[in-house]
Amino acid sequence: MFCPFLDKLGSNITTMRKTIGLLSLLCIGLANDSIAQAKQEWNSIFAKINKEVLEHSNAYTSLKIASETIGHRLTGSENGKKAEDFAYNLLKSYGFSNVRYQPFEVESWSRGTLNVEVGSSLDKLKSYKSVSLAHSPVASDISLELVDMGNGVEDDYVVAPDKVKGKIALVYLGTLPGSKAGTPNLHRSEKTAIATKYGAKGIIVINTAEKGVLLTGTASVTGKLIPIPAVCVGKEDGMELKKQLQNGPLYSHIQMTNHSGIIKARNVIATIDGKSIPNEKIVVGGHLDSWDLATGAMDNGIGSFSVLDMARTFKALKLQPARTIDFVMFMGEEEGLLGSRAYVDASIKDKSIDQIRYMLNYDMTNDPKGYHTSDADSKELFESIGKIANQLDSNFKNTFSVGAGLHSDHQPFMLHGVPTGGGAGGSLPKGAGPCYHADCDVFSLVEDKGMRNTVRFNTMLLYGVADSKELKAKHFTDEETRLFLIKNNLKEPLTIAGEWRWKD
């Protein structure tokens, strides 16, 4: 952009330098104002948000209480119900009159007994520390040969399609060192689906975390029971088994029992009606449920309880942006995005899905330094919001990233064309990464400062998105959604999961 009146003054540049300097600054200001989407009043509103959260945040405290009084928050369990009620009552205490449960039925799963043994023959077996992966059968007792299937991706099977048929697959959870460039890093459920496709009768997944940490999580791409037993062993044990297989065959005995049945769970939703565009909605949420090996402080206590405190902050400051906001505590994420699917299904049924202009998701978000989104057209808006946040605290770097992935509660929204986003650029406290889905995911890992930063910077983001005069991010048509998913290399994993609804 240029300022035409500066060109006119160019011939007098020597005598009018000061005037030109002032006009230049004015021109820059006008140019910035013409592209920035931040409203002037956001400066004072964000300053109030910053002060409120720094002085009165309840995120850390409420998560501590929940961890100590409830424990894990497994969907369908008595603890899960306690967590739903805890969130509901907390939102009520913050002054929300419009709080509701959104019930849905799920095929619940919980672990029973497990014994995994491996040896050079079925009469020379050694027990290995292990944990069942969710949605494994309610009962299984198999004794079969163990076969190393590398990373467990399609390329590992197509070279010898019958190699694992009638046997037990041993696969690495992530991507093995030395793997060829471009090897996809598939989810454990997708690796289980591929193993099943090629005739495996069981699967042993090697965790990537060291020191014997075991990982749980679903092995089902559908959220329903799978036909083969799926278990996880520690990295050291798993890599030793891979080494032994280079010297000769191994056999494994997997014996397990689990529990499954149809139960009811509930999302918890609190709403703030929009002031001037109430028919447009922003959904902000995080999954309240957790696995049962620990208390789920990282996954996803730090995310869901930060969203609860974002809701508290809105009420404490009596904030009412232009658009309606739904604060949602999703249940069932760990067992197949069940709560977010239920929310989206209900929105499709009542034809409100097109009113959802953005979904902001907080899953293990901690101490963010910037924002991310699935929609590049949001760059201007997100950076203008982040600029104000940066002026309030320079530790917020106002980074911006664009991309898309799967396996959290944004996914059902994204698959129906809704732009998604949230915080980015942070890190988990106290080296908590290896405790993801593990028995070490406990409250002592949580840091108050990281949660406060999540709350204050993302309350600003939420308010800005909900109050913006214009949201350039558009709700995709079905064809635009298809092209978007292909562009982001999501067709393969969605096809494996049976969620690619297009015929190409």
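Start your tour by selecting Asp467: this residue is buried, with a relative accessible area of 5%. Here, buried means under 20% relative accessible area, exposed means over 50%, and partly exposed lies in between, using a 1.4 Å probe and protein chains only. You are looking at a predicted model, in which local features need pLDDT of at least 70 and side-chain atom pairs count only at pLDDT 80 or more, while totals for chains, interfaces and linings use all residues. Residues are numbered from 1 along each chain as its sequence is written, and side-chain values use heavy atoms, with hydrogens and water left out.

**Stop 1: the partner of Asp467**

Keep Asp467 selected and add Lys39. The two form a salt bridge, with 3.2 Å between the closest N and O atoms. This bridge connects distant parts of the chain: Asp467 belongs to helix H13 (residues 448-467), while Lys39 sits in the loop between helix H2 (17-35) and helix H3 (42-56), 428 residues apart. Helices (H or I, at least four residues) and strands (E, at least two) are DSSP runs, numbered from the N terminus. A salt bridge is a side-chain nitrogen of Lys or Arg within 4 Å of a carboxyl oxygen of Asp or Glu. Is Lys39 buried or exposed? Lys39 is buried, at a relative accessible area of 16%. In the whole structure, the search finds 26 salt bridges.

**Stop 2: two further salt bridges**

Move to helix H5 (residues 78-93) and show Lys81 and Asp85, which lie four residues apart there, about one turn of the helix. Their side chains meet in a salt bridge, at 3.3 Å from N to O. Lys81 counts as partly exposed, with 40% relative accessibility.

Next, select Asp478 and Arg501, whose side chains meet in a salt bridge at 2.8 Å, N to O. Asp478 lies in helix H14 (residues 478-487) and Arg501 in the segment after helix H15 (491-496), so this pair ties together parts 23 residues apart in sequence. Asp478 is partly exposed, with a relative accessible area of 41%. Arg501 is partly exposed too, at 38%. Now return to Lys81 and add Glu84, Asp85 and Arg266: salt bridges with shared partners join these four residues into one network.

**Stop 3: His475**

Where is His475? Look in the loop between H13 and H14. Turn on the backbone oxygens nearby. The His475 side chain reaches the backbone oxygen of His416 at 2.8 Å, and a polar atom of that side chain lies 3.5 Å from the backbone oxygen of Ile356. The polar-contact rule asks for a pair of N or O atoms within 3.5 Å; within protein, one must be able to donate a hydrogen and the other to accept it, and residues adjacent in sequence count only if both atoms are side-chain atoms.

Now show the surroundings. Not counting residues up to four places away in sequence, His475 touches Ile353, Asp354, Ile356, His416, Gly417, Val418, Pro419 and Glu480. Contact means heavy atoms within 4.5 Å.

**Stop 4: strand E1 and its partners**

Switch to cartoon and colour strand E1 (residues 99-119) and strand E8 (residues 250-272), which run antiparallel and are joined by 19 bridges. Two strands pair if DSSP finds at least two bridges between them. To line up this pair, pick Glu105, which stands opposite Lys264 in E8.

Then bring in strand E2 (residues 125-128), which pairs with E1 in the antiparallel sense over four bridges. E1 and E2 form a hairpin, with five residues between them. Here the residue to pick is Val116, opposite Tyr128 in E2.

**Stop 5: Gly339**

Select Gly339 in helix H10 (residues 338-349). Gly339 is buried, with a relative accessible area of 0%. What is Gly339 in contact with, leaving aside its neighbours within four places in sequence? The list is Phe104, Asn267, Phe330, Met331 and Gly332. For a long-range pairing, draw a C-alpha to C-alpha distance from Gly339 to Gln102: 8.7 Å in space, 237 residues in sequence.

**Last stop: zoom out**

The chain holds 15 helices and 14 strands. Its radius of gyration is 25 Å, close to the 23 Å that the globule rule gives for 504 residues, so the chain is as compact as a globular protein of that length. That radius is taken over C-alpha atoms, and the rule is 2.2 Å times the number of residues to the power 0.38. Along the principal axes, the C-alpha atoms fill a box of roughly 95 × 55 × 45 Å. Buried residues make up 56% of the 504.
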